[in-house]
Amino acid sequence: MKLIYSLMLIFCGLVFTNAQKTYTVEGAVQDFHDKTMLENAVVKIGDFTAKTDKKGKFSFEKIPAGKYILIAKHPDCNDYTENIAVAQDMHVAIILEHHVQDIETVTIHGNHKKNGSLIIKTLDKTDIERNSTDNLGNLLSKISGVTALKTGNNISKPIIHGLYGSRIAVFNNGVRLAEQEWGVEHAPNVDINNFQHIDVIKGASALKYGSDAIGGVVVLEPEIFPKKDTIKGSVGLTGISNGRGLGLDVDVAKVWKNGWAVKTGGSIKKLGDQHTPDYNLMNTGMDFSSFNFTVQNNTYERGISFDYYLTNQNIGIYRGSHVGNNEDFYNAITSKIPVYTGNFSYDINNPRQLVEHHIAKISAFKRFENIGKLSATYSYQYNHRQEYDIRRGELNEVPSLDLELMTHQLNLNDLIERGKWSLETGIDASFQNNYSDPATKARRLIPNYDKYSAGAYSIFKYKISSSLNVEAGARYDFTRYDVTKWYDKSDWDKLYADTYPQFYVRTNQNRVLTRPQLNYNNVSFNAGLEYRPNSNFDLKFNYSKVGRTPNIAELFSDGLHHSAAVIEIGDMSLKNEQGHQFNLTADAKFNVLRGLNISVNPYFFITKNFINEIPTGVQNTIRGVFPVWSYQQIDAKMYGIDLDVNFKLTDNLTYVGRGSYVYGKDDTHNEPLILMMPPNFSNALQFNKKEWNNFYFTLESQVFVKQNRFPIHNATVPIYENGDEVQKTVDFSTPPNGYSLWNIQTGVNISKNLSAGLIVNNLFNVSYRDYLNRMRFFADEAGRNFILNVRYRF
């Protein structure tokens with residue numbers, strides 16, 4: 001019996017001893033995508049808690065044997081949970097999804113810490129909603145160094161540091177807009193209400209967007225949906241006094257916590273004839289409509305999205321820009337009051353343009369622990385542009401220009417991020433087909449063509465220290481045009497027969513059919529640095545060596561561009577543009593009153609084979625008299641400076657100022673470059689009071705100095721005076737006088753979900769003409785405009 005008791009006591013002692021056995025559990029917490037060790041992560045094992053040190057390590061010394069739930073937490077990370085069994089000393093490797101540092105596929109937001117040396121300015125959702133009926137070109141003009149090239153008041157396209165057209169790339173949710181962007185009156189086909197923020201990247205440093213974007217990139221980014229079960233949206237209604245217009249935009253989104261989201265929306269805008277302070281602008285109305293749809297499933301590790309965008313535009317071109325003979329043309333250019341004014345109307349007659357644009361996109365990404373974030377995007381775009389001229393009889397109902405452009409784009413991108421460095425590598429490929437319908441019974445301004453292009457890029461960023469970052473990138477691009485074009489036999493024999501005999505196909509009476517096949521290669525690279533010694537100073541410098549392939553219009557334009565009211569002549573012998581660009585920006589914060597922020601951005605661009613379009617004469621056609629603009633290749637340079645000031649005078653009152661100056665010179669002909677943005681500056685006082693239902697009031701003064709640097713390219717036209725033919729000079733060169741505009745913007749929250757705002761542009765109804773408006777030869781700019789908007793959010 002004593003033996004049994006002894007054995008039982010020994011057994012119980014062993015059990016008790018084993019129950020009290022403890023082990024060491026240690027490990028490290030690491031970021032999923034850049035492999036940095038995370039400090040101050042909280043790790044829990046049952047009731048035991050520890051924090052990671054600067055190296056991301058944690059340790060528990062005495063954890064009793066048993067089964068536990070391990071939980072790791074870090075600010076702005078998804079929690080990590082794991083079941084563990086402690087039966088021996090253990091090492092645990094924990095990887096957290098540190099998603100706040102995530103760089104989305106194409107998002108480079110102005111406030112993101114990893115912009116590197118890119119010079120970026122951002123318009124946020126507030127700016128967009130308060131100007132919901134504006135077009136993209138006019139909206140971006142609120143950024144220093146950015147203005148708009150206009151054709152009338154409804155058509156504008158952005159100019160960045162004096163460069164525009166195909167030198168500016170516009171990205172709609174990761175898709176580069178493919179349209180006839182070469183036209184001065186071809187505005188980007190986007191609805192600004194679709195986007196959460198718009199970033200402008202100044203200069204050619206963003207090589208991932210293409211080497212031809214030497215002026216800059218406009219990145220339009222939609223909302224990133226929260227990971228929660230909700231439904232949200234907004235409805236905006238806007239009234240516009242100048243043009244007696246109305247705008248409506250709607251969007252609604254259903255979001256689920258598991259990452260699924262569905263969003264749809266659209267907008268419409270209707271305008272009638274606009275008016276200057278002195279007269280009506282005949283045939284300047286417009287109809288605009290858009291629709292968008294998105295369905296996606298995104299988590300931190302993977303995602304897939306399908307997106308569709310549609311825009312439709314019917315835009316009237318000022319009637320006074322199309323005239324029938326030399327006398328009328330001369331009078332239209334020189335008269336202070338145009339012949340064509342008329343009474344207000346909503347009718348949109350010829351000349352006008354109809355534009356329909358579709359984008360269908362599918363994109364996906366997957367994060368891998370070792371090779372980073374791998375993304376793929378395929379998109380299809382269809383752009384249908386019809387331009388109607390004033391023609392006789394049944395031809396008046398037939399477009400004078402009818403282009404269908406179909407574009408396929410594919411992008412593959414890999415982003416590897418580590419603690420001190422990142423490497424982004426990608427390839428682009430696209431195919432584009434343009435069909436110019438011969439049913440117009442007019443000479444084709446742009447021929448039928450196929451365009452093949454491909455590019456590869458790599459961008460490396462390295463963090464030398466906590467205050468100094470450097471980066472370098474390189475890109476190669478190949479472009480091939482396969483064109484079918486008819487030339488007048490006299491033009492072919494004079495210009496190209498000896499140089500390009502291999503393109504000749506056949507002769508039909510006085511016309512020559514050709515098949516040009518042109519190949520272009522471009523190598524571009526950039527290097528930059530960012531020096532940020534403290535939170536009050538940030539210095540960025542970027543150098544880029546860039547190359548741009550001539551666009552199809554620069555090479556092959558040949559005829560009347562109806563909605564621009566000009567004849568355009570291309571040159572098939574144009575070569576690649578080659579340039580060197582330097583950008584510097586210094587941002588400083590000073591502890592004055594409530595805070596003073598100053599940003600200065602000087603830049604310099606020198607280029608060979610710069611493609612320049614200038615007026616070279618006047619031509620009398622069966623459809624009227626039009627100026628002739630021709631493309632030429634020159635050596636040029638541009639430099640300038642942008643200035644931004646934000647001075648918070650009190651808690652509620654802020655001064656906001658900006659200014660820009662650009663100098664452009666044609667070194668080949670020793671004359672100023674044409675259509676350079678005139679010096680301009682803006683001063684505004686902003687009053688905000690959150691306690692008054694988020695009341696805000698802004699008073700702004702904009703000053704545009706007369707452009708005194710311009711080339712002289714005038715023309716002469718014969719007209720009859722008292723029965724005698726005389727030669728009259730048409731002044732295409734002299735810029736209009738400078739001008740000053742005052743604007744007001746105010747608004748308030750009527751209730752929790754309802755807000756209202758009022759904009760008054762050109763408060764004092766000033767008569768003026770804008771040097772960068774191609775319609776300035778024929779009429780003044782629009783006068784005072786009241787814009788009242790009401791928005792309901794849910």
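In this predicted model, V43 has A50 in β3 as its bridge partner. That pair belongs to a run of four bridges tying strand β2, residues 42-45, to β3, with the two strands antiparallel. Zoom out a little and β2 and β3 turn out to be part of an open sheet of four strands, in the order β3-β2-β5-β6 and with antiparallel pairing. The edges are taken by β3 (48-51) and β6 (80-86), and each has a single partner strand, so one side of each is left without a neighbour in the sheet. Going from one strand to the next, the twist averages 20 degrees.

Stay with the β6 edge for a moment, because N83 is found in that strand and counts as exposed, with 63% relative accessibility; the cut-off for that label is over 50%. N83 also makes a handy reference point for K67: the two are 16 residues apart in sequence, yet their C-alpha atoms are 7.4 Å apart in space.

Further along the chain comes a stretch with a record attached. An unreviewed UniProt entry lists residues 120-217 as "domain: TonB-dependent receptor plug". In the model, that span is 11% helix and 32% strand, and the C-alpha atoms at its ends lie 9 Å apart.

Now for some backbone geometry. As background, most residues other than glycine have a negative phi, and most peptide bonds are trans. R244 goes the other way on phi, with a positive value near 45 degrees. You'll find R244 in the loop that runs between β15 (230-240) and β16 (245-255), and its relative accessible area of 52% makes it exposed. N765 has a positive phi too, in this case near 55 degrees. Its place is also a loop, the one between β44 (754-761) and β45 (785-793). At 25% relative accessibility, though, N765 counts as partly exposed. The peptide bond to look at is the one joining N350 and P351, which is cis, with omega at about 5 degrees. P351 sits in the loop between α4 (326-334) and β22 (352-368).

Next, follow the strand pairing around β33. Strand β32 (residues 558-561) and strand β33 (residues 566-569) run antiparallel and are joined by four bridges. One pair to click on is D558, whose bridge partner in β33 is I569. β33 pairs with strand β36 (residues 624-648) as well, through three bridges, and here the strands run parallel. On that side, E568 stands opposite W629 in β36.

β36 leads straight to the surface. Which residues make the nonpolar surface patch of about 770 Å²? They are L529, Y531, F541, F582, L584, F604, I606, Y639, I641 and Y661. Several strands feed into the patch: β30 (517-534), β34 (577-590), β35 (596-621) and β36 are the elements that give two or more residues to it. Take F582 as a sample member. F582 lies in strand β34, and with a relative accessible area of 32% it is partly exposed. That value is enough for patch membership because the patch cut-off is over 30% relative accessible area, whereas the exposed label would need over 50%.

Note on methods
Residues are numbered from 1 along each chain as its sequence is written. This is a predicted model: local features need pLDDT of at least 70, side-chain atom pairs count only at pLDDT 80 or more; totals for chains, interfaces and linings use all residues. Side-chain values use heavy atoms; hydrogens and water are left out. Two strands pair if DSSP finds at least two bridges between them. UniProt positions are given in the numbering used here, feature names are shortened, and annotations may be inferred rather than shown by experiment. Axes are lines fitted to C-alpha atoms, for helices over the stretch in contact, and angles run from 0 to 180 degrees between N-to-C directions. Patches are made of residues with over 30% relative accessible area and no salt bridge: like charges are joined within 9 Å, nonpolar side chains (Val, Leu, Ile, Met, Phe, Trp, Tyr) within 5 Å. Accessible areas come from the Shrake-Rupley method with a 1.4 Å probe; for residues, only the protein chains shown count as cover. A salt bridge is a side-chain nitrogen of Lys or Arg within 4 Å of a carboxyl oxygen of Asp or Glu. Buried means under 20% relative accessible area, exposed over 50%, partly exposed in between (1.4 Å probe, protein chains only).
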